[in-house]
Amino acid sequence: MDDERDRGVLPLLHGAQPTRAPGGGRRYRDPVLDALDPAVRLHVVTGKGGTGKTTVAAATALALARPGRRVLLTEVEGRQGLAQVFGHDPLPYLPTLLARSGAGQVHGLAVDAKAALLEYLEVFYRLGRAGRALERLGAVDFATTIAPGLRDVLLTGKVYDALRQRADGRRGEGVPAWDAVVLDGPPTGRIGRFLNVNEDLAGLARMGPVHSQAQSIMGVLTSPATVVHVVTLLEDMPVQETCDAVADLHDLGLRLGGVVVNQVRPPLLSPEDLRAALAGTLDRETVGADLVTALRTAGVGVPEGGPSLVEGLLDQAGEHASRVQAEDGHRKRLAELGLPMVDLPQLPGVAEGMDLAALHELADVLAGGSR
Amino acid sequence: MRPAPGTGARADPRSAAFDVDALLDDERVRIVVCTGSGGVGKTTTAAALALRAAERGRRTVVLTIDPARRLAQSMGLTQLDNTPRPVPGVDTRAGGSLAAMMLDMKRTFDEVVEAHSSPDKARQILDNPFYQALSSSFAGTQEYMAMEKLGQLSAEVDETGGLRWGLIVVDTPPSRSALDFLDAPDRLGSFLDSRFLRLLTAPAKAGGRAYLRVLSAVAGGLNGIMNRILGQSLLSDVQSFVAALDTMFGSFRQRAEQTYAMLAGDRTAFVVVAAPEADAVREASFFVDRLRSDRMPLAGIVVNRVTSMRAEELPAADAGRAASAATGSARGVLLVHARRMHRRESEVRIMQRLRRLHPPVPSVVVPARPVDVTDLDGLRSIGEDLAAARPIPEPPPVP
């Protein structure tokens with residue numbers, strides 16, 4: 001069946017509605033990007049470590065830029081992860097053009113807490129010299145390392161500032177400098193605390209400019225202008241953390257976008273073969289004979305070890321089937337969250353490192369194939 | 001870097017294999033720290049090492065610092081709190097035992113405050129809004145508290161007056177903050193020595209001395225700026241917090257330094273955990289370098305979740321060609337192999353980069369499981385793989 005074969009080649013967009021595009025080509029409406037109406041200006045991407053959060057944030061930025069938008073992609077963990085996925089030199093503390101995407105552009109910004117603090121003091125209090133004095137006294141180190149919570153305040157503050165920035169460099173109402181901001185956020189274990197830090201701060205500083213600034217930031221983060229996407233793999237712990245994070249974020253009053261299932265590998269056996277492989281009832285004689293024939297036809301010699309080679313191949317098919325079964329279970333748990341889900345395929349060779357071409361491929365999936 | 005105890009003496013120095021059993025059996029080793037980036041299976045490795053040590057006769061406790069309750073999951077436990085709880089189902093015939101605990105940073109912090117100040121001063125601190133935010137909701141506090149807890153566990157004695165734990169296995173926070181674990185004493189020290197702290201506390205203790213009045217005046221000017229930025233209420237909360245804590249900071253810092261010395265000493269071994277992916281290997285390499293520059297005892301590298309093959313003799317490209325010629329179920333079976341073999345080939349190249357970068361560091365490769373580990377049997381089988389001493393395959397010679 002055509003559909004069956006498509007599952008092996010096309011990304012699986014569970015939850016997405018396949019539609020017929022003019023001209024008969026198959027197009028997918030992407031639930032994540034559907035959730036991203038232009039009113040959404042901040043996309044926060046989180047996920048358990050190792051799930052490919054940075055890659056997904058980068059692909060999301062490319063997808064958002066396609067129709068001609070200017071997108072700012074930011075990171076706050078000091079890992080220079082964006083530079084790595086884009087194959088770029090380490091990013092300075094200034095928006096830097098990373099890639100053109102369709103009619104738009106993606107700029108990258110690695111937010112540094114110390115630089116953000118000095119900038120903050122300069123912009124809001126004109127404390128140029130006093131700011132440097134504070135640095136000499138160790139106050140800047142205090143704020144950015146000793147009191148690491150303040151670090152999160154500064155990092156979220158910088159993201160907020162990027163949202164408010166206008167094309168003419170000023171802040172407030174007007175044509176915004178960035179149509180959308182994508183934040184490669186902290187991992188699931190820290191994301192709630194990170195995004196909620198201003199709530200804590202507003203409680204601590206009960207009045208004054210810090211209090212009102214913290215309240216404005218919380219206002220934006222909890223408004224319809226912000227959504228949080230959670231990246232996961234179809235494995236037990238990432239799925240568990242996704243469920244925990246979704247509950248936490250919901251309790252904090254943050255809006256959830258989509259669940260991005262990363263590195264999806266489509267099943268390679270038919271449903272009947274999967275069942276048989278799982279039960280260990282694949283007909284070893286017939287399949288074994290077919291395997292030997294196929295190997296010979298392809299000019300691959302089947303040496304002395306022939307029978308053990310066939311045994312090994314069938315065992316691997318059995319393990320593949322148990323993995324597919326476990327993944328189905330994980331997918332059901334994710335579906336219970338009731339959020340839009342989108343699958344990103346595992347690209348061959350990607351374990352050896354991401355590159356721009358691979359990012360564009362993933363962005364194609366997120367953008368529903370339009371380019 | 002010096003070799004960790006348990007590896008130099010018994011393992012063949014020419015061997016690239018990490019001899020995990022030699023490490024776990026060495027009674028001199030009291031602390032094993034598992035470090036690495038997030039998502040590489042660090043917690044599972046820590047739990048598997050602890051279980052194996054326990055079943056080989058060590059009185060073991062495993063401490064996890066991770067905010068997500070992953071250790072509990074992999075140990076089949078539903079709840080972990082701030083005190084070590086015995087893990088049921090452990091084979092104790094060799095005379096060992098296993099307990100597990102997860103760091104509750106707020107509770108650890110509260111306990112430190114209570115242990116080191118008078119009851120009413122403790123109350124004053126515990127009720128301070130700045131303290132409450134610092135101890136519970138702000139990131140980073142956990143590294144300090146981890147040091148504190150590790151120090152406590154290593155000094156804990158049982159009813160007979162002997163040390164309660166023979167071996168403490170620690171799992172570090174994910175990602176970059178894993179390194180903050182090592183920075184805690186320095187950071188605390190530079191904070192306590194900083195003029196900023198003295199300025200903050202000066203107005204509270206200025207008294208009548210002339211030079212303090214001058215300092216106080218400077219601080220007053222600074223306070224004016226800080227007030228504008230922070231608002232008076234926050235600043236005075238911070239000041240009274242710092243003043244109240246002042247008396248206990250000294251002992252706090254002293255213990256952080258002791259713990260650091262203990263980590264650097266010959267009774268500790270670090271294990272760097274990685275996965276066979278470009279990012280994870282890069283992070284692992286970073287950790288190895290960092291441990292080296294701090295002269296911390298590195299025992300070896302564990303590469304988790306490595307794709308293993310049951311038909312390694314068939315290259316991916318050959319299987320792919322055969323699949324196009326195949327019919328029926330044989331086609332799918334060959335595709336399964338081609339995809340897996342392709343992955344295996346690229347993982348080997350990635351792991352070999354690590355071995356090329358750090359040739360003297362012994363390593364062990366742990367095969368991926370078709371399903372996730374969620375119980376003690378799963379941990380036991382990972383323990384067996386950890387002890388199987390299969391190193392990263394030797395890289396081919398450079399042509």
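How many helices and strands does the secondary structure of chain B come to? In this predicted model, the secondary structure of chain B comprises 15 helices and 8 strands. Of the 399 residues in chain B, 51% are buried, and among its contacts between residues at least 6 apart in sequence, 75% join residues that are at least 24 apart.

The strands of chain B form an open sheet of 8 strands, in which the order is β3-β4-β2-β5-β1-β6-β7-β8 and the pairing is mixed. At the edges of this sheet stand β3 (85-86) and β8 (363-367) of chain B, each of which pairs on one side only. In general, the strands of a sheet pair through backbone hydrogen bonds, and they do so either in the parallel or in the antiparallel sense. Both senses can be followed around strand β4 (residues 97-102) of chain B, beginning with its parallel pairing with strand β2 (residues 59-64) of chain B, which extends over 6 bridges. On its other pairing, with β3(B), β4(B) runs antiparallel and is joined by 2 bridges. The residue B:Ala99 of β4(B) takes part in both pairings, since it is the bridge partner of B:Val61 and also the bridge partner of B:Pro86.

Elsewhere in the sheet, strand β6 (residues 268-274) of chain B and strand β7 (residues 298-306) of chain B pair in the parallel sense over 5 bridges, and B:Ala274 stands opposite B:Val303 in β7(B). Helix α12 (residues 278-293) of chain B packs on the sheet, where it touches β1 (31-35), β6 and β7 of chain B, and the direction of this helix makes about 160° with that of β6(B).

Individual residues of chain B add detail to this picture. B:Leu263, which is found in helix α11 (residues 232-264) of chain B, counts as buried because it has 23 C-beta neighbours inside 10 Å. Leaving aside residues up to four places away in sequence, B:Leu263 touches B:Val33, B:Thr268 and B:Met296. B:Leu263 and B:Ile31 are 232 residues apart in sequence, whereas their C-alpha atoms are 7.7 Å apart in space.

Two residues of chain B that are not glycine have a positive phi, namely B:Arg295, with a value of about 55°, and B:Ala389, with a value near 55°. B:Arg295 is placed in the loop between α12 and β7 of chain B, and B:Arg295 counts as exposed because it has 10 C-beta neighbours inside 10 Å. B:Ala389, by contrast, lies in the segment after α15 (376-387) of chain B and counts as buried because it has 20 C-beta neighbours inside 10 Å.

In chain A, the axes of helix α3 (residues 53-65) and helix α15 (residues 356-366) come within 8 Å and cross at roughly 65°, and the crossing is right-handed. The contact involves A:Thr55, A:Ala58, A:Ala59, A:Thr60, A:Leu62 and A:Ala63 of α3(A), together with A:Leu359, A:His360, A:Leu362, A:Ala363 and A:Leu366 of α15(A). Sorted by class, this contact of α3(A) with α15(A) has 8 nonpolar and 3 polar residues, and no charged ones.

The confidence of the prediction for chain A is described by a mean pLDDT of 81, with 79% of its residues reaching 70 or more. Over residues 1-32 of chain A, however, pLDDT stays under 50, and for this stretch the model has 51 contacts beyond four places in sequence. Where pLDDT is low, predicted coordinates should not be read in detail.

Terms used
Residues numbered from 1 in each chain as written. Chains lettered and ligands numbered in written order. Predicted model: local features only at pLDDT ≥ 70, side-chain atom pairs only at ≥ 80, totals over all residues. Axes fitted to C-alpha atoms, helices over the stretch in contact; angles between N-to-C directions. Helix = DSSP H or I, 4+ residues; strand = E, 2+ residues; numbered from the N terminus. Left-handed = near helix turned anticlockwise from the far one by under 90°. Contact = placed C-beta atoms within 7 Å. Nonpolar A, V, L, I, M, F, W, Y, C, P; charged D, E, K, R; others polar. Pairing = 2+ DSSP bridges. Buried ≥ 20, exposed ≤ 12 C-beta atoms within 10 Å, placed from the backbone. pLDDT = per-residue confidence, 0-100.
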